[in-house]
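Here is a short briefing to read alongside the model. It goes topic by topic, so feel free to keep the viewer open as you read.

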Amino acid sequence: MNKLVLAEEAFFFEGMLDLLSVIGLDGYFKRINPAFTQTLGYSEAEYLASHFLDFVHPDDHSATLAEMEKLKAGAPLVTFDNRYRTLAGGYRWLEWRASSQIDRVVIYCVARDMTQHKDTEAALKRANEELERHTVQLEQVNASLQESEERNQLAMKIARMYTFAWDVATDYVKRSPHCADILGLNLPSAKREKSTTFFQRIHPDDRDRFIAELQALTPENNTYRTTYRVVRPDGQLIILEEIGSALFNQQGQLTRLIGITADLTERQRLEVELEENRAILHRQLAEIETIYQSAPIGLSFLNQELRFLRINQRLAEINGFSVEEHIGRTIRELLPELADTAESLLLPILETGQPLLNVEIRGETPAQPGVERTWLENFLPLKDGDRVIGINTVCQEITERKQAEAQLENLLQQEQAAREAAERANRTKDEFLAMLSHELRTPLNPILGWTKILQSPQISADKLQVGLSTIERNVKQQAQLIEDLLDISQIIHGKLSLHFTTINLAEQMMSALETVRLAAQAKAIEIEVILDPSVEHVRGDAVRLQQVVWNLLSNAIKFTPKGGQVTVQLTYVDDHAQIQVSDTGQGIQPEFLPHVFELFQQQDSSSTRFFGGLGLGLAITRQLVEAHGGTITVASAGEGQGSKFTVQLPLIPASNPHTPDACNNQTVNLKNLRVIVVDDHIDSLELIKLLLEQEGAVVQVASSAIEALPMLLQAEFDLLISDIGMPEMDGYTFMRQICALPPQFNGEILAIALTAYAGEINQRQTFAAGFQVHLAKPIELQPLLDAIAKIINR
């Protein structure tokens with residue numbers, strides 16, 4: 001009988017599905033059944049060699065030991081839960097029933113695996129907590145919105161969830177009231193409907209999966225969480241997330257399904273929108289980074305140690321290092337020459353948190369060694385609360401602007417000097433007009449006086465001779481004044497006419513000497529002449545060169561006192577003929593030397609001046625010399641020390657002194673040259689037409705720019721000759737419109753401006769408008785032909 005009992009005991013011990021074990025009071029396993037190894041994975045030997053606490057979860061040690069102490073104290077039966085470690089590394093929940101046999105020093109234990117049950121309880125607990133939380137939330141919302149139906153509806157929209165319970169036996173699903181708004185149903189239909197009806201509203205692509213998830217539920221795996229789409233009666237597609245728990249009867253049959261459903265439609269829309277916004281933000285950040293790096297001004301961020309944490313390409317180029325070389329390095333490490341200045345500006349910002357704007361910094365960087373540059377800086381603190389954590393810098397190089405400002409300042413000074421010079425010139429002109437009046441009236445006094453005397457019948461022969469000589473001398477003086485004025489007028493208007501030939505300069509100098517010899521003898525002035533016979537011929541206007549020498553000699557004799565000396569010398573210097581006229585006369589003050597050759601200038605322009613004249617002779621002389629390609633200079637040791645004038649003229653090569661002179665006038669064949677002439681003055685228009693047609697040109701005329709423009713669009717011309725001052729449209733505007741035309745419509749036509757506006761500013765305006773030549777009226781044929789030849793032969 002005992003053997004049979006033992007055999008049955010062994011059978012039940014080995015075959016039980018629950019975990020059976022015998023544990024000594026010392027805590028070591030004495031015996032285990034196969035369910036232990038099947039459930040937890042360890043071998044029987046591993047259990048028998050170990051203390052039971054080695055397998056218990058650390059968080060469950062205290063509670064388990066407390067139950068063991070009860071057994072050791074004689075408690076007949078204890079029940080408790082704890083977690084045992086599996087060979088796979090996880091833990092499983094075990095529900096223990098234990099009884100001690102103190103006399104046998106052992107504890108008999110039976111454990112059932114409650115892991116699935118615990119998981120289900122936890123899931124249900126979470127679901128219930130979630131349900132409770134949302135229920136509380138809804139109750140709070142409902143309670144707070146009782147006064148307003150609109151606020152109540154808003155709360156329903158905010159919650160967007162409902163609870164449900166599906167009774168399998170009746171196939172009805174019951175839901176909380178909030179489901180109606182979510183599912184788009186009327187409240188009675190939403191609160192209670194057949195599951196088969198509901199399944200039909202699930203989106204076809206999600207329906208089979210959803211049903212399969214429900215069918216897969218078991219007592220051991222009785223919770224689920226899923227997302228699916230539902231088509232509302234109004235056609236709107238909504239997204240639902242559902243958490244549920246299945247209840248089974250003892251036969252393992254599903255009897256009830258409970259859970260909570262939330263409307264995720266708006267959340268997912270917001271998630272999509274958030275993702276889109278995130279993409280937009282990412283793109284905008286990329287754009288900002290691109291702008292930052294490509295900005296034409298320098299940008300950087302410095303930390304509290306004045307180290308570069310960020311810098312753009314422009315500032316890196318200004319400093320002369322790459323972007324990578326800047327990062328993590330201080331200003332002093334990279335730019336030691338600027339460090340003292342920069343630190344004196346930046347350190348106070350870190351202390352005060354106040355920005356520093358529009359600061360100019362000058363210095364050098366490795367980008368351009370040895371070149372001082374100027375930058376306009378703005379320093380903006382970056383704060384974390386009240387603490388300054390760094391400084392943003394904005395740097396704009398203004399070197400060129402500062403240079404331009406300096407140039408502008410220089411130009412303003414020049415303009416002021418020019419204005420002062422103009423004012424001085426105006427005063428000089430006023431003085432000149434006063435002198436002109438004096439010089440022209442002075443000879444008239446003796447002329448008129450002696451004219452009255454000579455009309456007297458009692459005048460003697462001696463007085464008659466004296467009177468006639470006086471009248472002749474004063475008339476010559478007045479004629480010379482008028483001649484000088486005419487020369488200056490021609491020079492100012494660019495009409496000085498020179499007739500070039502090959503001449504012997506010594507002969508012209510001797511002729512000039514003869515004209516002033518009597519004046520020199522009258523003042524007992526000795527004239528010393530030194531002529532180098534080796535000086536070759538020059539090419540020039542014989543009369544005008546004689547006038548140059550005569551002006552210099554007359555000037556020397558005029559300002560040399562009686563008994564003085566004038567020296568005239570002709571020498572050869574560096575392929576130039578050099579004429580020097582020096583005297584022992586009054587001399588020139590140093591401050592007046594730069595103005596000797598200017599118009600209307602005299603060293604003494606007061607009304608008590610000792611010497612007469614208008615101050616034109618030397619200005620005319622310089623113009624004549626420069627017209628011959630030469631130069632003229634003056635030197636004087638000061639007042640009372642005499643003066644020396646030096647003229648240099650280019651020589652003709654000695655190998656060919658008798659080469660025939662080239663004609664001044666350029667030649668051009670005008671035969672069949674197509675010319676259009678535009679002038680509102682009909683007589684001038686016909687005159688130019690006649691002159692050009694005599695030379696073989698084909699000429700069309702127009703009396704205004706408005707009339708001429710259609711002609712230019714209809715026919716091709718080789719040359720345009722246009723007046724400037726015309727009604728309706730002046731010549732400047734006319735020429736600019738022509739230049740805007742395509743080449744096939746005369747847009748690139750050669751053009752001559754023929755105008756009475758002869759000033760220098762008028763010439764600049766004509767060239768700026770597009771004319772190639774500016775001719776002042778009145779015009780003669782040869783200058784016009786020369787101008788045509790000049791631009792045609794280019």
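Just past the end of helix 4, glycine 74 adopts a positive phi of about 110°. Please keep in mind that this is a predicted model. The points below begin with the helix that comes before this glycine, then turn to a strand and its partners, the cysteines and the salt bridges.

**Helix 4 and its surroundings**

- Helix 4 covers residues 61-72, and at 1.5 Å a residue its twelve residues should span 16 Å; the C-alpha atoms at its ends are 16 Å apart, in agreement with that expectation.
- The buried residues in this helix are Thr64, Glu67, Met68 and Leu71.
- Viewed down the axis of helix 4, these buried residues fall within an arc of 100°, so they line one face of the helix.
- What do they pack against? The buried residues of helix 4 pack against strand 3 (78-85), strand 4 (91-101) and strand 5 (106-113).

**Strand 6 and its partners**

- Strand 6 runs over residues 161-167, and five of its seven residues are buried, so the strand is largely enclosed by the rest of the structure.
- Strand 11 (residues 254-263) is joined to strand 6 by seven bridges, and the two run antiparallel.
- Within that pairing, phenylalanine 164 has glycine 259 of strand 11 as its bridge partner.
- Strand 7 (residues 172-175) also pairs with strand 6 in the antiparallel sense, over four bridges.
- Here aspartate 167 is matched with tyrosine 172 of strand 7 as its bridge partner.
- Strands 6 and 7 form a hairpin with four residues between them, and aspartate 171 in the turn has a positive phi of about 65°.

**Cysteines**

- How many disulfides does a search of the whole structure find? The search finds zero.
- Cysteine 179 has 0% relative accessibility and therefore counts as buried.
- Cysteine 739 has 39% relative accessibility, so this residue counts as partly exposed.

**Salt bridges in helix 11**

- The count of salt bridges comes to 34, and two of the pairs are described here, starting with arginine 269 and glutamate 266.
- In that pair, the closest N and O atoms are 2.3 Å apart.
- Both residues of the pair, arginine 269 and glutamate 266, lie in helix 11 (residues 265-294), three residues apart, which is about one turn of the helix.
- Arginine 269 is partly exposed at 40% relative accessibility, and glutamate 266 is partly exposed at 43%.
- Arginine 267 and glutamate 271 also meet through their side chains in a salt bridge, at 3.9 Å from N to O.
- These two are four residues apart in helix 11, so about one helical turn separates arginine 267 from glutamate 271.
- Arginine 267 has a relative accessible area of 43% and is partly exposed, while glutamate 271 counts as partly exposed at 44%.

**Helix 16 and a salt-bridge network**

- The side chains of arginine 401 and glutamate 405 form a salt bridge, 3.6 Å from N to O.
- Arginine 401 and glutamate 405 are four residues apart in helix 16 (residues 399-454), so they are separated by about one helical turn.
- Arginine 401 is partly exposed, with a relative accessible area of 40%, and glutamate 405 is partly exposed, with 36%.
- Which residues are linked in a network of salt bridges? The network links Glu360, Arg362, Arg401, Lys402 and Glu405.

Definitions and conventions:
Residues numbered from 1 in each chain as written. Predicted model: local features only at pLDDT ≥ 70, side-chain atom pairs only at ≥ 80, totals over all residues. Heavy atoms only, no water. Expected span 1.5 Å × (residues − 1). Buried < 20%, exposed > 50% of the residue type's maximum accessible area, 1.4 Å probe, protein only. Arc of directions from axis to C-beta. Contact = heavy atoms within 4.5 Å. Disulfide = S-S within 2.5 Å. Pairing = 2+ DSSP bridges. Salt bridge = Lys/Arg side-chain N within 4 Å of Asp/Glu carboxyl O.
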